[in-house]
Each structure stands twice: as structure tokens, then as C-alpha cells.
Amino acid sequence: MRRIFAGMLAAAWLFSAVAIDITAAEAVYVGPVTTLAGIGSHGATDGQMAQFNLPRGIIASQRGVYVADTFNNLVRHVDFDGNTSTVAGNIFGHDAFRFPVGLHRDGAIEGAMFNRPADIVLGSGNNLFVLDSSNHSLRIVMQGNVFTFAGTGRAGHNDGPAVSAMFNTPSAMTVDQYGNILIADSGNHAIRKIDTTGNVTTVAGQPGRYGHNDGTVSRALFNGPAGIAVDGDGRIFVADTGNHLIRMIYNGNVTTVAGRLIFPHEIDFDTTYYQNEWDENVPLGGFADGQRSDAMFNMPWGLAVWRDMLIVADTGNHSIRAVLPDGHVITLVGNGFPGHDDGTASGATFHLPTGVTIWGNTIYVADTGNNAIRMMQLNE
């Protein structure tokens, strides 16, 4: 993941000019942006004055919003009144940086342990699937207990039965129309699938190889994909985070939906610093609206499908973007700079948003850098 963050830091310096299509954004976005839960500071308190610790994954339902509170190693729930409770996990101790220590422990929800849970989805019967990133596994919260469904707890790549399958720092997941779980397996630079029989396969990408290549699923290359969504037609959308692109898997092929792939040597500036400090082959992010090949992202992360458009948490740009059906990219909220301001689209700000989910016409955002859960309305 160091490659991804290297590209993000470089991009923050390179592309300070922001080209935002305000007219198009206003045609889609209604607003306002409000904070549902989180007072901004790190912590794990419940209730109306809840604290989070760099939350990432988020899923909404008729019962409220479930949150993968990543650096607290907890699964949390926020009702629609903003009241927060802890669903599973506990804080065992803290490391030298004062972050809770993660472990792997199945059992009753009060004693179960996670290690940097990254994403969460709802299964049948209100069971929760939790993508336990640093345990390289998929866990289930069911009937008061937590157990490991897939993954061995060790990083690697292995297809086959869930109990022996291996993942490498998986970052995001979604469920398709058939009940299969699709996983953005970031450390393997691949997209994986757990089918309804519990068998794990590689859908696209070449495990262990990063890069960028469209084409058939077996030849395609990704770079630390960290977001995934699927629409009703079975099209799989991938936030190819390290390449700063939005990709699509459909009918056995991978294509680039939106974003521009750019490298340091293509920019007219002194590259000495980057040649000395970063890999010259690390793609750079930027911030620009426009048609699919002109638009630029900076570490896009969370994805969600709303009607015929794709909602993107553009983490490095501290913004929420949208890819319209014709490939045009617009900015819904955010100006490229971190902040924590509620209000209208033109004034609201985020700080490293990563997770997005939609319930009805409302977008819920895991605003990671602000340790908060935010929300906004989309128009009809």
C-alpha cells in the first residue's frame, strides 16, 4: 500500500488547480450535508456524543448504518437519530501510537477481536459480513457470535474452499444479485469472489502483479484496488485506487470507465524529488471533472451505485464525485482540501472520505479523517 500513498502525496503537490463542473453537480445534488454521528475526535464512545477511530467501511439499511470502525477494531451501529452503539469487538490495548491493538479471536461478540476491519455488508437474517483487513479474512457476526468464514489469517493468494482460501489486505466488498460476495483484494491487486457454496475464485487481475492493463480478466492488471460495487446488470465497478481510475469488469473484460492514467515523467516539472523518493512508475492523481478520459481522481476508494450513476469517495481529493451514464465525471461535494463543514454542496467539506453507501436517496459517508459519519441527499 506504500505505493498508493506515495502517489497520493505526489498528486497533492502536482495538481492544485481544481476543475469542477458546478452546473452539472447542482443538477444532481440537493443537499445539505450533515453530520449523523461522530464528534471529530478519536475514541470509541457510544451514544449521541459518539467517537470513531478512522472508520472506513459503511453499509446502510432500514435499521440504520453499520460501520467498520477500522482503527478501533470494532463493528458499530448508528441509528437514524445518530445514536451509536458497538455491535461486536472490544478494545484489548493500545500500541505505541495509541491506536487499539488488533487481534484475531472468534467467539461471543463481547470477546471477539478484529484487526483493522475495512468493510461491512449485510447478509440474510441481519447477519453481518466483516472484511477483516489485517487478518486477511472474512468474518461473520451472527446470533451473538463472531466466526471466520473465509481466509486463514495469513496474507497470501489461494483460491478454493473458503476455509483454506487466502487474501492479502482486502479492502472492500459488495454482494451481487446472486448472493456472491465480491472482494477488492488490495494486496493481491485482484478482484475475488466467494460464491454461495463458499468457493473462492479470482475474478480479474493477476495476483501479486500490479500495473494497469485493460483487456480480458486474466490479462488485466490493477494497482491496489480498494473499492468495489455492482449494478443490477452484473457490471462490477472497481476503484483502482493506486492507478487513480474507475474500472469495470463485464462480460469477461476489464475496461477503464473514468480517469486519466498519468506518470511523473509526463508532467512538465522538476522530477528529481520523485525520482529520488518515489518509484517513477507510480501513477499520479489529480482533480478534474470532465469526460471519462479527461477526468482525474486522487485515490478513489468507496463506490456505490445510485440509479444509473456511480458515486465515488475520492479520498485524496476529500470529495464525493459522480460518474454519469455517459462517462462524464462531476464533483458533488468537496473542493480538494480537507475540512469538516456541513451545509450546501458549494461549502461542505470532507477529510479523507473512504466509505459510501446509499439508502433511498441518501448518501452516507464514512468521513475517515474527521472520525465521523456524514450524510447528504440526492435529488429524485
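The surface that the protein exposes amounts to about 14600 Å² in this predicted model, and carbon and sulfur atoms supply 52% of that area. Of the 380 residues in the protein, 57% are buried. The secondary structure consists of 27 strands and 3 helices. Among contacts with a separation of 6 or more, 49% join residues that lie 24 or more positions apart.

The largest nonpolar core contains 20 residues. The members that touch the most other members are I311, I320, L332, I363 and M376. Two or more residues of this core come from each of the strands β21 (300-306), β22 (309-314), β23 (319-323), β24 (329-333), β25 (353-359) and β26. In soluble globular proteins, nonpolar side chains tend to be buried together.

The surroundings of I320 were examined further. With neighbours within four places in sequence left aside, I320 is in contact with I311, V312 and A313, with T331, L332 and V333, and also with F350, P353, V356, V365 and M376. I311, L332 and M376, which are listed among these contacts of I320, also belong to the group of core residues that touch the most other members.

Strand β26 spans residues 362-367, and D367 lies in this strand. The relative accessible area of D367 is 0%. Because residues under 20% are classed as buried, D367 is buried. Not counting residues up to four places away in sequence, D367 touches F350, H351, L352 and P353, together with A372 and R374. F350 and P353 are thus in contact with D367 and also with I320.

Note on methods:
Residues are numbered from 1 along each chain as its sequence is written. This is a predicted model: local features need pLDDT of at least 70, side-chain atom pairs count only at pLDDT 80 or more; totals for chains, interfaces and linings use all residues. Side-chain values use heavy atoms; hydrogens and water are left out. Helices (H or I, at least four residues) and strands (E, at least two) are DSSP runs, numbered from the N terminus. Buried means under 20% relative accessible area, exposed over 50%, partly exposed in between (1.4 Å probe, protein chains only). Contact means heavy atoms within 4.5 Å. A nonpolar core is a set of buried Ala, Val, Leu, Ile, Met, Phe, Trp, Tyr and Cys residues joined through side-chain atoms within 4.5 Å. Accessible areas come from the Shrake-Rupley method with a 1.4 Å probe; for residues, only the protein chains shown count as cover.
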